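Visitor: I'm new to this structure and would love a close look at one small part of it. Could you show it to me first?

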Amino acid sequence: MAETSDNRVSREHGSLMTRLGRMRAITRMTMVFERLWPLLLPIVLTTGLFLSLAWLGVFRVVPEWLRIAILLVLGVCLLVSFWPFRSLKQPSEPEVDRRIEQANRLQHAPAATQRDRLASGGEDAFSRALWSEHQARMARQLSQVQSDLPRTRVPDRDPWGLRAVVALLFVTALAFSVSPMSGSVSDIFGGGADAEAATARVDAWVTPPSYTGKAPIFLTAEANSGQESFSVPVNSQLQVRISGGGEGTSLSFRSDGEDAAPVAPEASGEGAGGRQFSLLLDRKGQVELGGGGVADKAWSFQIIPDAPPQVSFTEEPRRAANGALELIYSITDDYGAVSAVGVLELEEIDPKAQALYEAPEIVLGLPRRNAKEGAAKSSVDLTEHPWAGRPVRLVLEARDAANQVGRSEAKVFKLPQRPFTNPISRALIEQRQMLALDARERELVARMMDAVLLWPEETFDEPQHFLLLSAVRSKLGMARSEDALRQVVDDLWEIALIIEDGDLTAAEKRLRQAQEALRQALEDGASDEEIEQLMSELREAMREFLREFAERNQQQNNQSSQSQNAQTMTQSDLERMMDQLEELAKNGARDQAQDLLSQLQDMMNNLQAGRPQQGQNGQQQSQMRQQMDQLGDLMRRQQELMNETFRLDQQQRGNQQGQMNQPGQPGGEGEQQGENGQGMTAEEFADALRELQQGQGQLQQELQGLMEGLEGMGIQPGEGFGEAGEAMGEAEGALGEGEGERAVGEQGRALEAMRRGAQDMMNQMQQAMQGQQGQGQQGRAQGQNGQDPLGRPRASTGPDFGDSVEVPDEIDRQRAREILDAIRKRLGDALSPELEKQYLERLLELQ
C-alpha cells in the first residue's frame with residue numbers, strides 16, 4: 001500500500017525538529033560558555049600568577065613582609081573575581097532560537113515559529129491546517145542550520161593583551177618547576193634562611209694529581225652521600241662550589257690536634273649567586289661546610305702518601321762489548337718515575353786543577369710498563385769523554401711526578417774507555433786527557449806533541465796524520481781561552497780515531513744514532529710512518545757500517561780467522577731481522593720490538609769489539625759443527641712448514657665460512673678464494689696439502705739421518721729427538737687426511753721436542769770437546785761467555801735455536817694483525833658507545 005503524502009511530510013517534519021533540538025542544546029552551551037568564561041578568567045589568571053611565583057621560587061627568596069603582602073594581594077584579587085558571578089543568568093529559549101536564526105541568517109524566525117502556538121479562539125480546522133502548513137514551510141529552512149563558535153569578547157575587555165603575560169609566565173614556571181632550583185607551593189608557609197638553604201646547591205669533589213691516574217671522587221654524589229671518610233692521594237685538590245645562594249657560607253679544615261682553619265673563597269667563584277672554595281689536601285683532617293643557609297656538611301680525609309722512587313743497581317756497572325758503559329738497575333715508584341739520571345764524580349782529582357769539562361750527563365731509560373720489579377737497562381757511550389779510563393763514583397737518581405728524588409748507593413769503578421792499539425793514538429789520548437782534566441798542563445802537553453812530531457818519517461805511516469797533528473800543535477800554542485783549549489781536546493780525539501780506524505768511526509756513530517732514534521720512537525709510541533722512516537735510516541746505516549767493517553777486516557787480513565767462527569751472520573740475515581723488527585712495531589708488539597732492537601744492538605756491539613780467535617779444531621769438532629748446523633736448518637724448515645700449514649688451514653676455514661654465508665656465490669663448489677682474493681680450486685688445495693705432506697716426510701727422514709750420524713759420533717740422541725720424529729709422523733698423517741689444525745699442533749710439538757733434543761745434544765758435545773781442549777781453552781771460552789763476536793753461542797755451545805730472542809712467529813703476528821684490524825674496525829663504527837671508543841683508543845696507545 002503506497003505511503004500517503006501526509007505521513008511522509010510528518011516524518012520529514014519530525015527529523016527536522018530533532019536536528020533543531022540538537023542545535024538548541026549546542027547553542028545553549030555556547031552561550032553559557034560565553035557568559036561564564038569572562039567571569040572565570042580573572043580567577044584563572046590570579047591562580048596562574050600565584051603558581052608561577054611559587055614555582056619560580058619567589059616566595060622562597062623574598063622577605064617575610066613582602067611574601068605576606070603578595071599573598072594578600074592575590075587573595076583579594078581572587079575574592080573580587082567571584083563577585084561578578086551574582087549576575088550570571090541562564091539563556092532563555094527565545095534567546096537560543098534568536099541566536100540560531102542570527103547565526104544562520106534565517107528570515108521570518110523559523111526556529112521561533114516551531115515553538116509558537118495559535119491564539120485562542122482560532123482553533124478551527126482550517127486555521128490549524130494553515131498553521132501546520134506554515135510551520136512545515138518554516139521548518140524546511142532549518143534543514144542546514146548550524147551552531148556558531150563562542151564569542152567571549154575577552155579582547156574587548158583586555159585590549160593590551162595582559163593575559164598573555166600571565167600565560168607566558170605560567171609556561172616558563174612550569175618548565176622550571178622540574179629543576180632542583182625550583183620552588184614549591186609550600187614556600188608560602190616559610191622563607192628567610194630556610195629559603196636560601198633550599199635554593200643553594202652544593203657540589204664537592206676531590207681531584208687526585210694527574211700523575212696518579214686516579215679518577216676524581218664526587219663527594220656530593222648520591223653513591224657517596226652516606227660516606228663520611230675518604231682516602232685520597234697526597235696533594236689532591238678539593239673543590240667546593242655553591243650555586244644559587246649560599247652567601248656567607250664558610251669552609252674550614254681541621255687537622256688532628258689543631259684548631260679549624262678557615263678556607264678563603266676563590267675570587268673567580270664569587271658572584272652570580274654562588275661561591276667556590278679550593279683546598280690542597282696534603283695532610284689528613286676534616287673539612288666542614290656550613291653557614292649562609294647551607295646545610296652543614298663534613299668530610300674526613302685520610303691521605304695516601306706518595307713515597308719517593310726507589311732506584312738501585314741490579315748488577316755492577318760494566319763495560320759493554322763496544323766499550324759503552326752498561327748499567328742494569330731497577331726503578332720502582334708508587335705511580336711511576338718520570339726521569340732518571342746518573343751522577344758521575346771523579347774519584348781522584350786535584351782540588352786546584354782547572355778542568356775544561358764538566359761531568360758527563362747520563363740519561364737513564366725508564367722501566368717498561370710491564371717490567372718485572374722495575375727492571376731497566378741503559379747503555380751510554382762515554383768513551384769520547386775525557387773522563388774515560390779514570391776512576392769515578394756513580395750514583396743513580398730517579399725523580400717522580402711529585403718532584404721527589406730517590407738515590408741509589410754509590411759505585412766506584414773505572415769508566416770504560418776505547419782501547420787503542422796504535423801507539424801514536426794511545427799517546428794522543430793520554431795527552432788529551434791530561435789537558436782536559438787540568439788546563440795548567442798545556443805546556444807539558446805541547447812538549448810531548450813536539451817530541452812526537454820530531455821524526456815524522458819514522459813515526460807516521462801517513463803524511464796526512466803528521467799534517468793534522470802539526471795543525472793541532474799550532475792551535476794549542478795560540479790558544480788563549482778555555483774554549484780554544486776544548487777545541488784542541490776535541491781535535492786530538494778525532495785525530496786519534498783517524499789514525500786508529502780510518503773512516504769507520506763515522507759509520508759507527510751513524511749506526512748508533514739510528515738505533516737510539518728508533519728505540520726512542522718505540523718508547524714514545526710513534527706512528528707507523530715514522531717507524532718506517534727510522535727503519536729505513538737504520539738499514540742504510542747498517543749497510544754502511546758492515547761495508548766499512550768488512551773493508552777493515554780485509555785490510556788486516558783477518559778473513560781466515562773470521563771463517564773459523566761456528567756461525568756467521570750475513571747481510572741478508574740482518575735484513576730479515578730488521579724486517580721482523582719493523583713488522584712487530586707496526587703490529588703493535590712494541591715491547592717485543594724493543595727486545596729485538598736491544599738484541600740487534602748487542603750483536604753489533606759484540607761485532608765491533610770482536611777479535612780474531614786463534615786455534616785449531618779437530619775433525620770431530622768440525623763434524624759436530626756440521627751436525628749442529630744441520631739441526632738448526634731442520635728446525636728452521638720445520639718452523640716455516642708449520643707457518644705454511646697454519647696459513648692454508650686458516651684459508652680453508654675462511655672459504656668454508658664464506659660459502660656458508662653466501663650459498664649462491666658463483667664459482668661452483670670446487671672453487672675457493674685465497675687469502676689475497678685469488679681463486680684456488682679444490683684440486684690445487686689438495687696438491688698444496690700433498691706437497692706439505694711430502695715436505696714433512698722429508699724432514700722426518702732427515703731427522704732420522706741426523707740421529708744416526710750422532711750415534712756414529714758417539715753421541716746418544718735424547719728422548720726429544722724420538723718424540724720429534726713421532727710428532728712429525730703424526731703431522732704427516734694429519735696432512736694426508738686434510739686436518740690442518742691437528743697438523744699444526746703436531747708440528748709445534750715436534751719443534752719443541754727438537755729444541756729439547758738440541759739442548760741435550762749440545763751438553764754432550766760440550767763434555768766431549770772439553771775433554772779434548774783442556775782447562776786453558778775452557779777458561780777462555782768462559783771468558784767470552786760462550787758467545788761469538790755477534791753474541792750468539794759458539795760452536796762449543798751449539799747453534800742459536802732462537803731461545804735468546806723471543807720473536808713471535810708467523811702465527812702470532814697474524815693473530816696480532818687480526819686483533820688490531822678488529823679494534824680499528826670497531827673504532828670506525830659511528831654507533832659504538834663513547835666509553836667503548838675511549839677504551840679502544842687506550843688499547844691502541846699501548847702499542
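Visitor: Is Leu-281 buried or exposed, and what is its relative accessible area?

Guide: Happy to help! Before we look, please note that this is a predicted model, in which local features need pLDDT of at least 70 and side-chain atom pairs count only at pLDDT 80 or more, while totals for chains, interfaces and linings use all residues. Residues are numbered from 1 along each chain as its sequence is written, and side-chain values use heavy atoms, with hydrogens and water left out.

Now to your residue. Leu-281 is buried, with a relative accessible area of 0%; buried means under 20% relative accessible area, exposed over 50%, and partly exposed in between, with a 1.4 Å probe and protein chains only. You will find Leu-281 in strand β7, residues 275–281. Strands (E, at least two residues) and helices (H or I, at least four) are DSSP runs, numbered from the N terminus.

Who are its partners? Leaving out residues up to four places away in sequence, Leu-281 touches Val-206, Val-232, Pro-233, Val-234, Asn-235, Ser-236, Leu-238, Phe-253, Phe-301 and Ile-303. Contact here means heavy atoms within 4.5 Å. Thr-207 offers another view of the fold: Leu-281 and Thr-207 are 74 residues apart in sequence, yet their C-alpha atoms are 10.0 Å apart in space.

For another strand residue, try Ser-330, in β12 (residues 325–332). Ser-330 also counts as buried, at 16% relative accessibility. Again not counting residues up to four places away in sequence, Ser-330 touches Gln-310, Val-311, Ser-312, Thr-314, Glu-373, Gly-374 and Ala-375.

Let's step back to the protein chain around these two residues. The chain holds 25 helices and 20 strands, and buried residues make up 39% of its 847 residues. Among contacts between residues at least 6 apart in sequence, 73% join residues at least 24 apart.

Burial brings us to the largest nonpolar core, which has 33 residues. A nonpolar core is a set of buried Ala, Val, Leu, Ile, Met, Phe, Trp, Tyr and Cys residues joined through side-chain atoms within 4.5 Å. Leu-631, Leu-703, Leu-710, Phe-721, Met-754 and Met-761 have the most contacts inside this core. The elements giving two or more residues to this core are the helices or strands labelled α20 (619–661), α21 (682–712), α22 (719–736) and α23 (740–783).
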